[in-house]
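Trainee: I am new to this structure and would love some help with the words people use for it. Could we go through them together?

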Amino acid sequence: MTADRATPAAPTAPADLVLTEVRLTPVLIADPPLLNTQGVHQPHTPRLIIEVVTAGGATGLGETYGDTEYLELARPLAEAMIGRPVTDLNGLPALAARVCGDSPAATGADAVDAGGLRGVRTADKLRLSVLSGFEVACLDAWGHATGLPVHALLGGKVRDRVEYSAYLFYRWARHPGGRGEPDDWGAALDPAGIVAQARRFADTYGFTSFKLKGGVYEPAREVAAVRALAAAFPGRPLRLDPNGAWSVPVSLEVAHELRDVLEYLEDPASGTARMAEVAAGTDLPLATNMCVTTFDEIAEAFTRGAVQVVLADHHYWGGLRNTRELAAVCRTFGVGLSMHSNTHLGISLAAMTHVAATVPHLDYACDTHYPWQREDVLTERLAFRDGHLNVSDAPGLGVTLDRDRLAALHRRWLADDGGQRVRDDAAAMRVADPGWVTPAVPRW
Ligand SMILES: O=C([O-])C(=O)C[C@H](O)[C@@H](O)C(=O)[O-]
Ligand SMILES: [Mg+2]
């Protein structure tokens, strides 16, 4: 039997579970001047907060990318959700395909996302990123209506806490031009600065594994930083991720130099073909959140042995349930699983934690940007203990919206002239270096 894409009839569910209201609130959240191969983070990053309300009065929260093109897809989907039960999650992709249409911003399978370094940019993927926020909001509301935590609605947790890793960045002390809100981290531009940053992460949050965002400086300088981390934290799992900035020979050189200290090398080169060449020349596992970001890309990458670890991201994989499907495919092929993160708030972190708690072979500590975000829309920030988050057994996601905070961050979005409503790390870099253009790959 095939799914009917044209008329996705809402299945029968208790009238209480039918959606009566869906609210979309775009916000701009403070982001520090973190450097990556494309440029530097803007002072503020857009996110979209989704609230759903059922006829029975249950509410649910979701969060996803808030860039303008995502918002344009989210608006018709929000309208179309009214009258549908929160339990109709399998109907969401067909509904989104029907009402969202194709985003003009999706420019074909070879275009790489300019802001987020998230691999191919297709209409399907943009839609999945949007509907993931609605799926999470529905699960949260469903959980509130039934008294069950989201992990229970996904089949139940297999662990009580989820491990996260410290996400280290080269960074400036302030945004160029003195823009944005300052923080007290200071600059980190050399091995000593990266080690100091790692120490603060370890002391404050208890993280015991460390990922360095690379692709910023020439590879030898980044190798030296990883060596300094290895000396400062002997035996700890380390990762380096230049977001595909290196050629195959440079990737192989770095893999060889760091083979004794890295648990994996993440996206050293760009695209499945180059990753497969690198993988063929090293025993170091290669991880990706760039060449395998859609179900369509799995077969080629896995059969060519291009990657040994996939960094799942429930946003662009299309939600928590799709993340579990991805996990099952990875398990089938003997490919490891970890989790990717972009700048996000506590709703997304809670969602990640619930799904991570249900995946048996989550082999690595998950990435998260959360410690870099001093702002949130929750009444209480999620707190890491010994590098882990406890998995909430409270109904839904187990988080509560702070309306005042939401309103304040929305006011910042309203006040923006449009310059920050789309993430653009190259544009942010041009404030410091007017001649900057996104570097072509391989950069080294
Ligand atoms: O490759 C990754 O892990 C990411 O895409 C994470 C982020 O986009 C990171 O590179 C950033 O925010 O600069
Ligand atoms: Mg990555």
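Trainee: In which hand does H1 pass H2?

Mentor: Glad you asked! This is a predicted model, and in it the crossing of H1 past H2 is right-handed.

Trainee: Why are H1 and H2 called oblique to each other?

Mentor: The axes of H1 (residues 68–81) and H2 (residues 92–100) cross at roughly 120° and come within 9 Å. Roughly perpendicular covers 65 to 115 degrees, and roughly antiparallel needs over 145. The angle of roughly 120° fits neither class, so the two helices are oblique.

Trainee: Which residues meet where H1 and H2 touch, and how do they divide into nonpolar, polar and charged?

Mentor: From H1 come Leu73, Pro76, Leu77 and Ala80, and they meet Leu95, Ala96, Val99 and Cys100 of H2. Eight residues of this contact are nonpolar, with no polar and no charged ones. Leu, Pro, Ala, Val and Cys each count as nonpolar.

Trainee: Now the sheet: what makes S1 and S5 its edges?

Mentor: The open sheet has three strands in the order S1-S4-S5, with antiparallel pairing. S1 (19–30) and S5 (59–65) each have a single partner strand, so one side of each has no neighbour in the sheet. From one strand to the next, the twist averages 20°.

Trainee: How do you know that S1 and S4 pair?

Mentor: Pairing takes at least two bridges, and S1 and S4 (residues 44–54) have eleven, in the antiparallel sense. Val27, for example, stands opposite Arg47 in S4.

Trainee: And where does H1 lie relative to the strands?

Mentor: H1 lies across S1, S4 and S5, at about 160° to S1. Angles over 145 count as roughly antiparallel, so H1 at about 160° is roughly antiparallel to S1.

Methods:
Residues are numbered from 1 along each chain as its sequence is written. Chains are lettered from A and ligands numbered from 1 in the order in which they are written. This is a predicted model: local features need pLDDT of at least 70, side-chain atom pairs count only at pLDDT 80 or more; totals for chains, interfaces and linings use all residues. Helices (H or I, at least four residues) and strands (E, at least two) are DSSP runs, numbered from the N terminus. Axes are lines fitted to C-alpha atoms, for helices over the stretch in contact, and angles run from 0 to 180 degrees between N-to-C directions. Two residues are in contact if their C-beta atoms, placed from the backbone, lie within 7 Å. Angles under 35 degrees count as roughly parallel, over 145 as roughly antiparallel, 65 to 115 as roughly perpendicular and the rest as oblique. A crossing is left-handed if the near helix is turned anticlockwise from the far one by less than a right angle, and right-handed if clockwise.
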